[in-house]
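I opened the notebook today to look at charged side chains and how they pair. The entries below follow the order in which I looked things up.

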Amino acid sequence: MKNQAHHLINIIIYGLGFLLLWEWLRPVGAITDTGSVTAFVLFIAMAFILSYFRIHFLISGAVKLLYMVVALKIWYFPGSLLDLSWVQEMLGEIGYNTGMMFGREWGSLTYMYQSLLFFILLWLMTYLLHYWLMVRRSILLFYFMTITYICVIDTYTEYDGKMSILRAVIIGFVLMGMLALERLVKREGIALFRINRRKWMVPLVILLGFSSVLALAAPKAAPIWPDPIPYLQSFSANGPGTGGGGNSKAGYDPDDSRLGGPFEADPSVVFTAEVTDEHYWKIETKDFYTGKGWEQSRPEDEGEEMNFQADELVPISDDANRDKKEDPQTERVMMASTYSHILYPYGLEKIILDWNGYFSLNPVSEKITSREENGSDIELNQYQVSYHPASYSLKKMKGTVDGDIDSEGFLDRYTQLPENLPERVSLLAEEITKDKDNWYDKVKAIERYFGQNGFVYDQQDVAVPGADQDYVDQFLFETQKGYCDNFSTSMVTMTRSLGIPARWVKGYTEGTFSKQVDKDYQLYEVTNDNAHSWVEVFFPDVGWVPFEPTVGFSNNVRYAYDLELDDSDGEETPEEDKEETSAPESQQQQPPPDLANEDSSGVDGAQSFLQEHVGKFLFGLIAIVLLIGVAFYLRRRWIPYVYILYYRTQKSESAFPRAYLALVKQLGRHGVKMEDGQTLRSYSHYVDTHFGTYEMTSLTNNYERLLYGRDLSTEEWVKLRELWENLIKKTTG
């Protein structure tokens, strides 16, 4: 009867431990691409069963390894199990991924290898749980880790952890109560009958059940901390110019319907260009602001694409830079990541390419696509563009005032704003431009507003607007922190609120200087990190003019300062514009140093680092768990040396009793355990017989004398410590 009760208690403890570990697997299917966690749940159940029946570690290890191999084979290597060619493929993939892991190429690890590492992690966790449940009889640390894990997952992902928290609390407290009883039984050496255990556990279960029901039924207080989710939506946010297609890396993406949130840097090269001068590279424009992002309008009468051949004039109707007398400049674009769209500078004249296809221009977005003769898109490896460096008449822009455009359809499109745009956005635009009497001065005032009012360039601590929030309103009045999408969208919106036509532009900055090709050409390297968005404003006698509101960036726009004007007209070169045209490259692409420091400091920097390296942290956690497992398995070999180093520094006589008890504990790890009811003298004789010494007997005699009130001098402690060190070193073999 006693043995049956003991086995029943162990079965219940193992079952509760299994349920507590299961809570770690429940969120996996919700927050990752894992289709099902059933196989992993069965794996930990099998590991607990093998531990309960105390199967030899070689046999249990072989069974677990066989389970892992079969599961991986079924998941990732289709075909018959008897066709052993999959074994060679699996071993080759494991070898390749192991090399990638040691090379810290975490993003290159295959799904098969990730599943293998997850199996190994579960293997180690079941081993540690067996130790905590059956040896230490304490689960507090793992319980605390479980609650913390569920809370973090519930807070920062879409997983709803309310019921998981409830289950973990009930399971954890019942388990801790049972283990506390078992520790009491072992420590006191008493034999509790079944009724005693019932009297212990029944009140605990009733109390937990009552408190759980009360907690669910009671009213809940509202959160007292602001929601951190808008700042940490890295898996649904955009990078600069990336759009909202769920891609959190920097780079070009045609979907910009959902803007906001941090992004992960990506230094991958998109193209290199042999250029004569630095300039932005344009891809497309967008004209419809939704309050959350940008979409492209396509009116039926203007949505038809315009086709043209290589070496023909590109039909961009509003380009005011083609009537120049000087010869156009020619530059070569060499793609590293091939796209079917064309990258081109302002003032584009022709696309030079020897091929049989054609190009198609969308007159609304001004996006140019390369196509084969059959009409399908084609990705080009390289091409040349000829262009006249764009310059814009300052006189004509300053001469533009309200009422100079009479095309109602044009104004409706390029001054469009959401009906629910907060009024304070337009009020802010009016406040910024209240002293300006022409379009150019108003636009420049808005462009400079961000840099003069403490707005911060930040790629990580960037909010995502809530369901009832406007993207621009949140940036202007709440966060004042973001990257190019925030700045450019805000400028377009404020400009439109004044009745001035503006649109949103996507492309790349000039990139990074690579080398000097010859006396006329330099090679620039443009990466995904150079993806960018900016603003274009329409002036009737000039066309679309680019503006750069993002703090720390400059697009090197050239203005024709109309030198025939006299000084009385007040058209001298503005100092601000001179500075913009001569800004060095280091200032054009990087935020100011103080912003960089702010971005990498304190809590913001820590959150940024965690979000960017979530994969590395996952595999780092696996490595730490493996290291802890190995250290725990080899603890018998290294713990004695820790004891030796510690007690060599102890001079007081009270150190000897603690050292003696540490020795007894280490002898137990070595396999020379003290049996229940065995006296110290009997045990010391057993130890000396095992090692063939008299050291344990001498240590025990002095320990007993010390317990009965005899003082221990420093000299005696030094001699006893030598005996103690000699004996504890023998346990490392």
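I began with Arg26, which comes out as partly exposed at 31% relative accessibility in this predicted model. I then looked for its partner and noted that the side chain of Arg26 meets that of Glu23 in a salt bridge, with 3.2 Å from N to O. For Glu23 I wrote down a relative accessible area of 1%, and I entered this residue as buried because the cut-off for buried is under 20%.

Next I turned to Glu284 and Lys506, which form a salt bridge whose closest N and O atoms are 4.0 Å apart. I asked myself which parts of the chain this pair ties together. Glu284 lies in strand 2, residues 281-286, and Lys506 lies in strand 14, residues 502-508, so the pair ties together parts that are 222 residues apart in sequence. I also checked the cover on each partner: Glu284 is buried with a relative accessible area of 5%, and Lys506 counts as buried at 1% relative accessibility.

My third entry is the pair Glu305 and Arg371, whose side chains meet in a salt bridge at 2.7 Å, N to O. This pair links distant parts of the chain, since Glu305 sits in the loop between strand 4 (294-295) and strand 5 (306-308), Arg371 belongs to strand 9 (residues 368-371), and the two are 66 residues apart. Are the two partners buried or partly exposed? I recorded Glu305 as partly exposed, with a relative accessible area of 33%, and Arg371 as buried, with a relative accessible area of 14%.

I then followed shared partners and found that salt bridges join Asp256, Glu284, Lys286 and Lys506 into one network. The structure holds 19 salt bridges, and the pairs I entered above are among them.

To set these pairs in context, I went on to the protein as a whole. I noted 25 helices and 19 strands, and of the 733 residues I recorded 47% as buried. For contacts between residues at least 6 apart in sequence, I wrote down that 72% join residues at least 24 apart. My last entry concerns the surface: the protein exposes about 37600 Å², of which carbon and sulfur atoms supply 57%.

Terms used. Residues are numbered from 1 along each chain as its sequence is written. This is a predicted model: local features need pLDDT of at least 70, side-chain atom pairs count only at pLDDT 80 or more; totals for chains, interfaces and linings use all residues. Side-chain values use heavy atoms; hydrogens and water are left out. Helices (H or I, at least four residues) and strands (E, at least two) are DSSP runs, numbered from the N terminus. Buried means under 20% relative accessible area, exposed over 50%, partly exposed in between (1.4 Å probe, protein chains only). Contact means heavy atoms within 4.5 Å. Accessible areas come from the Shrake-Rupley method with a 1.4 Å probe; for residues, only the protein chains shown count as cover.
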